[in-house]
Amino acid sequence: MSNEPITLTAGDAELTVRPDNGGRVAGLRVGGTELLRQGDRFGCFPMVPWCGRIRDGRFHNGAVVHQLPLNAPPHAIHGTARDGAWNPARVTADEAVLTYDLVDPWPYPGRVTHVIGLTPDALTLTMAVETYQDSFPAQIGWHPWFNRNLGGADAQLDFAPAWQEERGDDHLPTGNRLDPEPGPWDDCFGMPGGVDVTVTWPGQLELKVTSPEEWVVVYDEQEAAVCVEPQTGPPNGLNTLPRLVTPLEPLEATTTWRWTRL
């Protein structure tokens, strides 16, 4: 299959996927209204094989220390797959399956599979990382840039996390957990019952982001967009809360966005 943009449709929902640009969801239109910020760096990109920042770009796998390029100095950020081209494995009218083989600068071979499924009122994203050789720590997450404004009032965020990770001057969790503080945020929150965040554009649309995972980063410091990022662990999680991918056990995660007209 080619790496041309893919369009999925279901009801009055239309979604564009860019295999050539990090496998990202480049656009999501509901009734003709675009929900995602446009541009090559935006939309919604998969964060894999890690999410957020890794301190100094270094992570451990047992006794072995690996150094990654510092693409957000002094740290490495958001994985490597968003910089590569993904391969469409299967495409139907309302579903696309993309794969990505992990390559340098990631030090371990592996394969990522991303299933993007659209219905008239929801988008479900499912990702898996698997290896046939060495085991390695990994994370999965999604980084959507929702437009702050759809032509009416600005988006409002509603969620009830159990805690907020204290953020150090280096933008990484210190290891301390705080009672959730008011925004604006560039922060990681814990939701042990699963991620559940509602984005409401008053009088227009309500969109609920859910995931069985218990971590979410919320970023709303930018004027144009708000980000709600479900992920399998906190920033720097390759070091502090590693999830191991083994030949017998892949790492899998899913998130669903469900919308309602207001």
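**Notebook: strand S24 and its surroundings**

I began at a strand pairing and found that phenylalanine 146 stands opposite valine 226 in S24. The model is a predicted one, and I read every entry below with that in mind.

**Entry 1: partners of S24**

I looked up which strand carries Phe146. Strand S16 covers residues 146-147, and two bridges join S16 to S24. The two strands run antiparallel.

I then turned to strand S23, residues 215-219. Five bridges join S23 to S24, again in antiparallel order. Here I noted valine 217 opposite glutamate 229 of S24. The link from S23 to S24 is a hairpin through five residues.

**Entry 2: cover on S24**

Is S24 covered or open on its faces? I checked residues 225-231 and found seven of the seven buried. In a regular strand, side chains alternate between the two faces of the sheet. I therefore listed the faces separately, knowing that buried means under 20% relative accessible area. One side holds Ala225, Cys227, Glu229 and Gln231, and these are buried. The other side holds Val226, Val228 and Pro230, which are buried too.

**Entry 3: cores**

I looked for nonpolar cores next. The largest has 61 residues. Phe146, where I started, is among those with the most contacts inside this core, along with Leu15, Trp106, Ile116, Leu118, Trp257 and Trp259. A second, separate core has eight residues, including Trp145, Tyr219, Ala225 and Cys227. Ala225 and Cys227 were already in my list for one face of S24.

I picked Trp106 for a contact list. Leaving out residues up to four places away in sequence, tryptophan 106 touches Pro49, Trp50, Phe59, Leu68, Thr80, Phe136, Pro137 and Leu238.

**Entry 4: two loop residues**

Where does threonine 232 sit? I placed Thr232 in the loop between S24 and helix H1, residues 237-240. Does its accessibility make Thr232 buried or exposed? The relative accessible area is 2%, so threonine 232 is buried. Beyond four places in sequence, Thr232 touches Gln139, Ile140, Glu213, Trp215, Arg243, Leu251 and Ala253.

Glu213 was on that list, and I followed it up. Glutamate 213 lies in the loop between strand S22, residues 205-211, and S23. Its relative accessibility is 14%, so glutamate 213 counts as buried. Outside its neighbours within four places, Glu213 is in contact with Met191, Gly194, Val195, Gln231, Thr232, Arg243, Glu252 and Ala253. Arg243 and Ala253 appear in the contact lists of both Thr232 and Glu213.

**Entry 5: pockets**

I read off the largest pocket at about 480 Å³. Which residues come closest to its centre? Of the 27 lining residues, these are Arg53, Ile77, His78, His143 and Asp186. Strand S18 (163-167), strand S20 (186-190) and S23 are the elements that give two or more residues to this lining. By class, I have 10 nonpolar, six polar and 11 charged residues there.

The second largest pocket holds about 170 Å³. Its lining is Arg55, Glu165, Pro173, Thr174, Gly175, Arg177, Trp215, Pro234, Pro235, Asn236, Thr240 and Leu241. Strand S19, residues 173-178, gives the largest share of that lining with four residues. I recorded five nonpolar, four polar and three charged residues for this pocket. Trp215 ties the pocket back to Entry 4, where I had Trp215 as a contact of Thr232.

Notes
Residues numbered from 1 in each chain as written. Predicted model: local features only at pLDDT ≥ 70, side-chain atom pairs only at ≥ 80, totals over all residues. Heavy atoms only, no water. Buried < 20%, exposed > 50% of the residue type's maximum accessible area, 1.4 Å probe, protein only. Pairing = 2+ DSSP bridges. 1 Å grid on protein atoms, 1.4 Å probe; cavity = no way out; pocket = protein on both sides within 12 Å on 5 of 7 lines; lining within 4 Å. Points joined across faces, edges and corners; volume = space filled by probe spheres on them. Nonpolar A, V, L, I, M, F, W, Y, C, P; charged D, E, K, R; others polar. Contact = heavy atoms within 4.5 Å. Core = buried A, V, L, I, M, F, W, Y, C linked by side-chain atoms within 4.5 Å.
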